[in-house]
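Ready to poke around a protein model? Work through the exercises below with the structure open beside you, and try each task before reading its solution.

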Amino acid sequence: MLPRTAVIEAKKRMEGHRCEGFLDGPNPVDPVVMMIGEAPGETEITGGGPYDGRAGRQFLSYLELLPYPVEDIYVTRTIKSRPYRWGTTPSGAPRKYNRTPNQKEIMAHAPLLDEEIRSAAPKILCPMGRTPYWRLLGRSPRMPETAGIHFTSPIRQVSASGKEYIWSQEHHLIFPLYHPAASLYNRSLEAVIRKHFCGLARLLSALS
């Protein structure tokens, strides 16, 4: 669990933003790998787990390619609340839809992700998609250019003022991945994402 004071501060900084709920764990204490997504979706915020719903089941099918039980894999997000926008259903009823978190929302939750990385100390960080990649590395490359290719790098951490990012002294092993739900919208990515997870599995086995 995250420190209570840090959670209270993050929620305070999120006031006025169109975000709902707050997701915190549970996660393993000493994981080898940390999977970092964008934000929780509707299913998770309303009480489901990370493997419920179509996207969750797709994610689980990829995690099962790794040489560890799913319970030993740390799963977190760039922000822990669900960003939403109002829209309408085909029948015209109002409905909340997921959206990408903005930079202020990501900064509000930045100390929480920093704390997770510090306390869990995983050997590999896996940003899944452009948002967590930007959070860690300050760039938003096209995913075909970076997914499935591991490298070491310092990562961005929030400064003591909480208003800017600074680079970590420590270098981390980074293995970027597509967001698992990407294959639901582009079926041609299914084989590509599976290939990348198999590459991650080989890397994890080599580190064991």
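A salt bridge here is a side-chain nitrogen of Lys or Arg within 4 Å of a carboxyl oxygen of Asp or Glu. Keep in mind that you are looking at a predicted model.

**Exercise 1. A pair across the sequence**

Work out which parts of the chain are tied together by the salt bridge between Glu-42 and Arg-95.

Solution.
- Start with the distance: the closest N and O atoms of Glu-42 and Arg-95 are 2.9 Å apart, and the cut-off is 4 Å, so the pair counts as a salt bridge.
- Next, place the partners. Glu-42 sits in helix α2 (residues 42-45) and Arg-95 in strand β5 (residues 94-98), so this pair ties together parts 53 residues apart in sequence.
- Last, look at accessibility. Glu-42 is partly exposed, at 32% relative accessible area, and Arg-95 is partly exposed too, at 31%.

**Exercise 2. Another pair to compare**

Find out whether Lys-80 and Glu-116 are buried or exposed, and where each one lies.

Solution.
- The side chains of Lys-80 and Glu-116 meet in a salt bridge, with 3.2 Å from N to O.
- Lys-80 belongs to the loop between β3 (74-77) and β4 (82-88), while Glu-116 is in helix α4, so parts 36 residues apart in sequence are tied together.
- As for accessibility, both Lys-80 and Glu-116 are buried.
- Salt bridges can also share partners: Glu-20, Arg-82 and Lys-96 are joined that way into one network.
- Searching the whole structure turns up 11 salt bridges.

**Exercise 3. A charge without a partner**

Check how far Arg-156 is from the nearest side chain of opposite charge.

Solution.
- Find Arg-156 in strand β8 (residues 156-158).
- The nearest oppositely charged side chain belongs to Asp-114, 9.0 Å away.
- A salt bridge needs N and O within 4 Å, and Arg-156 has none, although this residue is buried.
- So what does Arg-156 touch, leaving aside neighbours within four places in sequence? Its contacts include Trp-134, Leu-136, Tyr-165 and Trp-167.

**Exercise 4. Two helix pairs**

Decide how α3 and α8 are oriented to each other, then do the same for α1 and α4.

Solution.
- α3 and α8 pack at about 45°, with axes 9 Å apart. They are therefore oblique to each other.
- On the α3 side, Gln-58, Ser-61, Tyr-62 and Leu-63 make the contact; on the α8 side, Glu-190, Ile-193, Arg-194 and Phe-197 do.
- α1 (residues 4-13) and α4 (residues 103-120) pack at about 170°, with axes 8 Å apart. Angles over 145 degrees count as roughly antiparallel, and α1 and α4 are therefore described that way.
- Here Ala-6, Val-7, Ala-10 and Arg-13 of α1 meet Met-107, Ala-108, Pro-111 and Leu-112 of α4.

**Exercise 5. The greasy middle**

Identify which residues touch the most other members of the largest nonpolar core, and which element gives the most to this core.

Solution.
- The largest nonpolar core has 26 residues, and Met-35, Ile-124 and Leu-200 touch the most other members.
- Two or more residues come from each of β2 (33-37), α3 (53-63), β6 (124-127) and α8 (189-207). Of these, α8 gives the most, with 7 residues.
- Zoom in on Met-35: among its contacts beyond four places in sequence are Phe-59, Ile-73, Cys-126, Phe-197 and Leu-200.
- Apart from the largest core lies another one of 12 residues, including Ile-36, Tyr-74, Leu-113 and Ile-174.

Methods. Residues are numbered from 1 along each chain as its sequence is written. This is a predicted model: local features need pLDDT of at least 70, side-chain atom pairs count only at pLDDT 80 or more; totals for chains, interfaces and linings use all residues. Side-chain values use heavy atoms; hydrogens and water are left out. Helices (H or I, at least four residues) and strands (E, at least two) are DSSP runs, numbered from the N terminus. Buried means under 20% relative accessible area, exposed over 50%, partly exposed in between (1.4 Å probe, protein chains only). Lys and Arg count as positive and Asp and Glu as negative; His and the chain ends are not counted. Contact means heavy atoms within 4.5 Å. A nonpolar core is a set of buried Ala, Val, Leu, Ile, Met, Phe, Trp, Tyr and Cys residues joined through side-chain atoms within 4.5 Å. Axes are lines fitted to C-alpha atoms, for helices over the stretch in contact, and angles run from 0 to 180 degrees between N-to-C directions. Angles under 35 degrees count as roughly parallel, over 145 as roughly antiparallel, 65 to 115 as roughly perpendicular and the rest as oblique.
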